[in-house]
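Me: Please take a close look at the beginning of the protein chain for me, and go slowly, since I am still learning how to read such a structure. I would like you to explain each term when it comes up.

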Amino acid sequence: MCVQVCPVGIDIRDGLQYQCIGCAACIDACDEIMDKMGYPRGLIRYTTEGALEHEYPESDIKKRLKRPRVAGYGAVLLVVIIAFLVGLSTRKMVEVDILKDRGVMVRENSKGWLENAYNLRIINNSENEQVMTAAVKGFEEIALTGLPEGGVKIAPRQTLTIPVQVSTIPEYADKGSHPIEFTFTYRETGKADGKPTILEEEATFIGE
């Protein structure tokens, strides 16, 4: 009977097997047969190897769960679960990495402004399409180009890499590096009245 009720078709009489899913259907079937035949229950049961080897009585199994080592394992597992839940709740729906284009450190554009090139690596971690706009600050006169008008649409679970350019008047960016800051604003597509989320990321502008 215990073999017939097993959903994965194993014979528990051959011992514990990796296919076992722990449903306990064989235990219930065995106890039912033992009751009908007038035998004590427990021919198939949950126990430990130590109890089977008569190292301690089965009545002490619950007492042994109160050992410091078991409590330590439980505490570690609890910490891992809490850390996972905290990480899940604080994870950003959209992430942006700003990568400086090392091929061209600085150049002059058609307006005569100094220009740096960057690659924006945008990651949509959500299950919904997001639309993102961007701005940059750091100089009195500064411009960001390369993004489509109306923002970038990122499909669910998609990663995009978009080249952009930041430019400024030469007088503002003398030789060396200068800190600038990108501001990204995103919201779920179709929810124009929803509250947007703002991300701020620092970068470096190289002057001539």
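Reply: What follows goes from the start of the chain to its cysteines, and then to a pocket.

The model is a predicted one, in which local features need pLDDT of at least 70 and side-chain atom pairs count only at pLDDT 80 or more, while totals for chains, interfaces and linings use all residues. Residues are numbered from 1 along each chain as its sequence is written, and side-chain values use heavy atoms, with hydrogens and water left out.

To place the region you ask about, we can begin with the division of the protein chain into domain 1 (1-46), domain 2 (58-91) and domain 3 (94-207), bounds that come from an automatic or database assignment. Your request concerns the beginning, where Met1 sits in the segment before helix H1 (2-5); helices are DSSP runs of H or I with at least four residues, numbered from the N terminus. Met1 counts as exposed because its relative accessible area is 51%, and the cut-offs are under 20% for buried, over 50% for exposed, and in between for partly exposed (1.4 Å probe, protein chains only). Although Met1 and Glu32 are 31 residues apart in sequence, their C-alpha atoms are 9.7 Å apart in space. If we set aside the neighbours within four places in sequence, Met1 is in contact (heavy atoms within 4.5 Å) with Ala29 and Ile33.

Moving along the chain, we come to Ala24, which lies in the loop between H1 and H2. The backbone of Ala24 deserves a careful look, for its phi is positive, at about 70°, although the residue is not a glycine. Most residues other than glycine have a negative phi.

On either side of Ala24 in the numbering you will find a cysteine, and it is natural to ask what the cysteine sulfurs do. A search of the whole structure finds zero disulfides, where a disulfide is a pair of cysteine sulfur atoms within 2.5 Å. Cys23, accordingly, is in no disulfide, and the cysteine sulfur nearest to its own, that of Cys6, is 6.0 Å away. For Cys26 the closest cysteine sulfur is that of Cys23, and because the distance is 6.3 Å, the two are too far apart for a bond. The surroundings of the two residues can be set side by side as well: Cys23 is partly exposed, with a relative accessible area of 42%, whereas Cys26 is buried, with a relative accessible area of 17%.

The last feature is the largest pocket, an open set of points on a 1 Å grid over the protein atoms alone, where a 1.4 Å probe fits and protein lies on both sides within 12 Å along at least five of seven lines. The space in the largest pocket is about 560 Å³, a volume filled by probe spheres set on the points. Its lining is made up of 23 residues, and those that lie nearest the centre are Ile12, Leu16, Ile44, Arg45 and Tyr46; a lining residue has an atom within 4 Å of a point. Two elements give two or more residues each to this lining, namely helix H2 (25-37) and helix H3 (49-52). The largest share comes from H2, which supplies three residues.
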